[in-house]
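Me: Please take a close look at one strand of this model and its surroundings. I should like the answer to set out the contacts, the pairing and the burial, and then to turn to a separate sheet for a second view.

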Amino acid sequence: MDKFIIAGNGPLNGTVAAAGAKNAALPILCAALLSDEPLTVSNCPRLWDIGTTKKLLAQMGVTVAQAAPHTVVVDAKTITTHIAPYELVRTMRASILVLGPLVAARGEAHVSLPGGCAIGARPVDLHLMGLKAMGAQITLDGGFVHAKCAKLKGARIVFDTVTVTGTENLMMAATLADGETVLENAAREPEVVDLARCLKAMGAKIEGEGTTTIRIQGVTRLHAATHAVLPDRIETGTFLAAAAATRGKVRVTNTDPALLDAVLVKLQQAGAKVSTGTDFIEVDMQGRRPLAVNIHTMPHPGFPTDMQAQFMALNCLAEGVSVIKETIFENRYMHAHELLRLGADIRIDGHTAIVTGKERLTAAPIMATDLRASAALVMAALCADGETVIDRVYHMDRGYEDIEGKFASLGAQIKRVGKQFG
Ligand code: UD1
C-alpha cells in the first residue's frame, strides 16, 4: 500500500491545471451502454475509479479503447452480459450507474449491491423506486439487484431526498422509455447537467437539467457522439483551499469559476483575494493566515459535501473558531480523528464539528479514510511541523489524477513510497 511522506513547508505557489470531473465522467462512460454506436469521451481523467468503470464495462463485453491520454471510446455493440459483479462494484459505489442504462437498453440488469461504505449507509432505494415506477421488476437476491423490463415506461418520479447518482441513473433510463418521464426534486449538480449534455448529443430529449424538475421524452434509440467532460470542481476547490491554508498563491486553469460559487464565497470570507477568468481561478492569501469560516453542506448550489473535509483542514489552521455542519452524509468526519493526531482542535457533536484554529500543526503518522478526507490530510500535513506519513493513499488515487505531481508542481515537498519502505 502506497504512502505519502509530506514535509510541512512554505506556502503553495504556482499554476496547476484541473482534470475532467470524475463524477461526470463516471455516469457518462456508463451512458455508452444506452447505444450500439461508439461514444467518444474526451477530458476523461486518468484515475482509479475511471479505471474501475472501464474494467466493469469491458468485463460485460463492451469495447473500451483509450484513444488518447484523456480520451476514451466506449462501444456497447459488443456487449455480452448484463452482470456487474461484486468484485468490481464493492470497490466503487458508482458502479450502480450501469443499472439504469442496462435495463433501459438491454431489458435486464444484474448489479451487485454496493453495500455500506466508509461515509455512511448510502442506500440505493431511490434508484430502485424510480425504476419500479417506470415498470421494472426489481428483486434482491444473493446481494444482487435484478432488474427486468422489456420496455420501460415514462413516469413522474418524486425524490424524497436529493440524490446525484439516483437522478443520473433514472435520467439515463428515461431516455429510452416509452413516453415522458418527469424527475421532481432532481439533483442540480453540474455533473448531472454534463451528463444531460452528453445524452442530448447522443440524441436524447431532455429539458430542465440544472433545475429541480427534469423532463425526458423517451426516444427509440441513441446514436454515436463525442463529449468533452466538464472540469473537476472538487479538484479545483481542493487546490484553492490548499493555497488558502498554506497562505499561498495558486492559479487553477482549465476550470470554470461558475461551478464553484459557494466555495469561492467561503474562500473570500477566509481572507483570500479571489480572481477569476473564463477558465481560471486564482487564490492569493498575500501571506496572511486564513480566517475561520462556517460551513454548512447542502446539495448544489449549496456548499458541496465533497469540499467539507478540505475546509475543515483549512479551519484547523485559521484564526478563530468555526462551526461545520454536515447535512448530506452521516459519519463523514473520519478525517477529524486523523487531524486531531496532527494537533488540531476539533470537537464533534453529531453532525456538527467545532474547530478552533491553530497557527501550525505537528507531524504524525496518519491514515487516509476516504477520498476527500485524504485531500484534507495532505493539506494539513503541508502545514505541520516535521514529516507526516499518510498511509492508505489509494483512497486519494481513486479520485485525483497525479495528485502528488500536481502538489509538487506548486512547491509541496511530497513523495510517494511503496509498502516495501515500511
Ligand atoms: C454523489 C457523488 C459524491 C457526493 C454525493 C453528494 C458521484 C459518483 N458521487 O454520490 O461524490 O459526495 O453525490 O454530493 O457522483 N440517498 C438515499 N437513497 C438513495 C440514494 C441516496 O437515501 O437511493 C441518500 C444518501 O444516503 C445521502 C444523500 O441521499 O444521504 C445524498 O446521496 P447521493 O447524492 O445519492 O450521493 P451519491 O450519488 O452516491
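Reply: **A strand and its surroundings**

The charged end of Arg251 sits over the ring of Phe280, at 3.8 Å from the ring centre. A charge is taken to sit over a ring if NZ of Lys or CZ of Arg is within 6 Å of the ring centre and within 35 degrees of the ring normal. The model is predicted, so that local features need pLDDT of at least 70 and side-chain atom pairs pLDDT 80 or more, while totals for chains, interfaces and linings use all residues. Residues are numbered from 1 along each chain as its sequence is written, and side-chain values use heavy atoms, with hydrogens and water left out.

Phe280 belongs to strand β17 (residues 280-284), in which five of five residues are buried. Strands (E, at least two residues) and helices (H or I, at least four) are DSSP runs numbered from the N terminus. Buried means under 20% relative accessible area, exposed over 50% and partly exposed in between, with a 1.4 Å probe and protein chains only. In a regular strand the side chains alternate between the two faces of the sheet. For β17 both faces are covered: Phe280, Glu282 and Asp284 are buried on one side, and Ile281 and Val283 on the other.

The pairing of β17 comes next. Two strands pair if DSSP finds at least two bridges between them. β17 pairs with β15 (residues 249-253) in the antiparallel sense over five bridges, and Arg251 has Glu282 as its bridge partner in β17. Strand β16 (residues 273-277) is likewise antiparallel to β17 and joined to it by five bridges. Here Lys273 stands opposite Asp284. Two residues lie between β16 and β17, which form a hairpin.

A helix residue also reaches this strand. Thr236, in helix α8 (residues 233-245), touches Ile281 as well as Ala18, Val252, Thr255 and Leu260, not counting residues up to four places away in sequence; contact means heavy atoms within 4.5 Å. With a relative accessible area of 0%, Thr236 is buried. Its side chain makes a polar contact of 2.9 Å with that of Thr255. A polar contact is a pair of N or O atoms within 3.5 Å; within protein, one must be able to donate a hydrogen and the other to accept it, and residues adjacent in sequence count only if both atoms are side-chain atoms.

The separate sheet offers a second view. Four strands form this open sheet in the order β23-β25-β1-β26, with mixed pairing. β23 (365-367) and β26 (413-417) stand at the edges with a single partner strand each, so one side of each has no neighbour in the sheet. From one strand to the next the twist averages 25°. β1 (residues 3-7) and β26 are antiparallel and paired over five bridges, Ile6 having Ile414 as its bridge partner in β26. Helix α12 (residues 371-382) packs on the sheet and touches β1, β23, β25 (387-391) and β26, its direction making about 30° with that of β1. Axes are lines fitted to C-alpha atoms, for helices over the stretch in contact, and angles run from 0 to 180 degrees between N-to-C directions.

Within this sheet, Val389 is in strand β25 and counts as partly exposed at 27% relative accessibility. Val389 touches Lys3, Phe4, Ile5, Ala364, Pro365 and Ile366, again leaving out residues up to four places away in sequence.
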